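Dear colleague,

Please find below the structure that I am handing over to you. My account of what was found in it follows directly after.

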Amino acid sequence: MRYRLTFVAGLAVGYVLGTRAGRERYEQLRKSAQRIAQNPAVRNTAESAALGGRQAASKAFAVVSDKVGDRLPGPVAERVRSLREQRAADEDDWGTSNT
């Protein structure tokens, strides 16, 4: 109950402060967030993090499917095979994804 009360109190304080700041402050915050998101350094970092995540997920997928692939039921094994084929088609000659 204490956590709910704290949450509701925080929500109320945020609402009051937000309405006092008004639309101008909201627009100012929105524009600064857009500037940060469009910054080339931020975009490059986000893209490299996404690429690293995709590579790690692909490796984990391969390891898990190799270890349990023969113990899966037929339909699940077929789905794993089709996902493997899709993963291979997503990479180009440079080893990057086409997203």
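A search of the whole structure finds 2 salt bridges. Please note that the model is a predicted one, and that every value in this message was computed from it.

The salt bridges

One salt bridge joins Arg 30 to Glu 27, with 2.7 Å between the closest N and O atoms. Both Arg 30 and Glu 27 belong to helix α1, where they are 3 residues apart, or about one turn of the helix. Arg 30 has a relative accessibility of 33% and therefore counts as partly exposed.

The other pairs Glu 47 with Arg 54, and here the closest N and O atoms are 3.3 Å apart. Glu 47 is partly exposed, because its relative accessibility is 44%. Arg 54 is likewise classed as partly exposed, at 33% relative accessibility.

Overall architecture

The chain contains 3 helices and 0 strands, so that its elements, read from the N terminus, follow the order α-α-α. Helix α2 comprises 29 residues, from 40 to 68, and at 1.5 Å a residue it should span 42 Å; its end C-alpha atoms are indeed 42 Å apart, so the expected and computed spans agree. At the start of α2, the backbone nitrogen of Ala 41 has a side-chain oxygen of Asn 39 within 3.0 Å.

Surface and burial

Of the 99 residues in the chain, 5% are buried. The chain exposes about 8800 Å², and carbon and sulfur atoms account for 59% of that area. A nonpolar patch on the surface is formed by Phe 7, Val 8 and Leu 11, which together have about 320 Å² of accessible area. Val 8 is situated in helix α1, which covers residues 2-37.

Confidence

How high is the average pLDDT of the chain? The average is 78, and 85% of the residues score at least 70. Confidence is highest in α2, with a mean of 86, and lowest in helix α3 (residues 74-90), with a mean of 71. As a general caution, predicted coordinates should not be read in detail where pLDDT is low.

Yours sincerely

Key
Residues numbered from 1 in each chain as written. Predicted model: local features only at pLDDT ≥ 70, side-chain atom pairs only at ≥ 80, totals over all residues. Heavy atoms only, no water. Patch = residues over 30% accessible without salt bridge, like charges linked within 9 Å, V, L, I, M, F, W, Y side chains within 5 Å. Areas by Shrake-Rupley, 256 points an atom, 1.4 Å probe, with all protein chains shown as cover. Salt bridge = Lys/Arg side-chain N within 4 Å of Asp/Glu carboxyl O. Helix = DSSP H or I, 4+ residues; strand = E, 2+ residues; numbered from the N terminus. Expected span 1.5 Å × (residues − 1). Polar contact = N/O pair within 3.5 Å; in protein donor to acceptor, adjacent residues only side chain to side chain. pLDDT = per-residue confidence, 0-100. Buried < 20%, exposed > 50% of the residue type's maximum accessible area, 1.4 Å probe, protein only.
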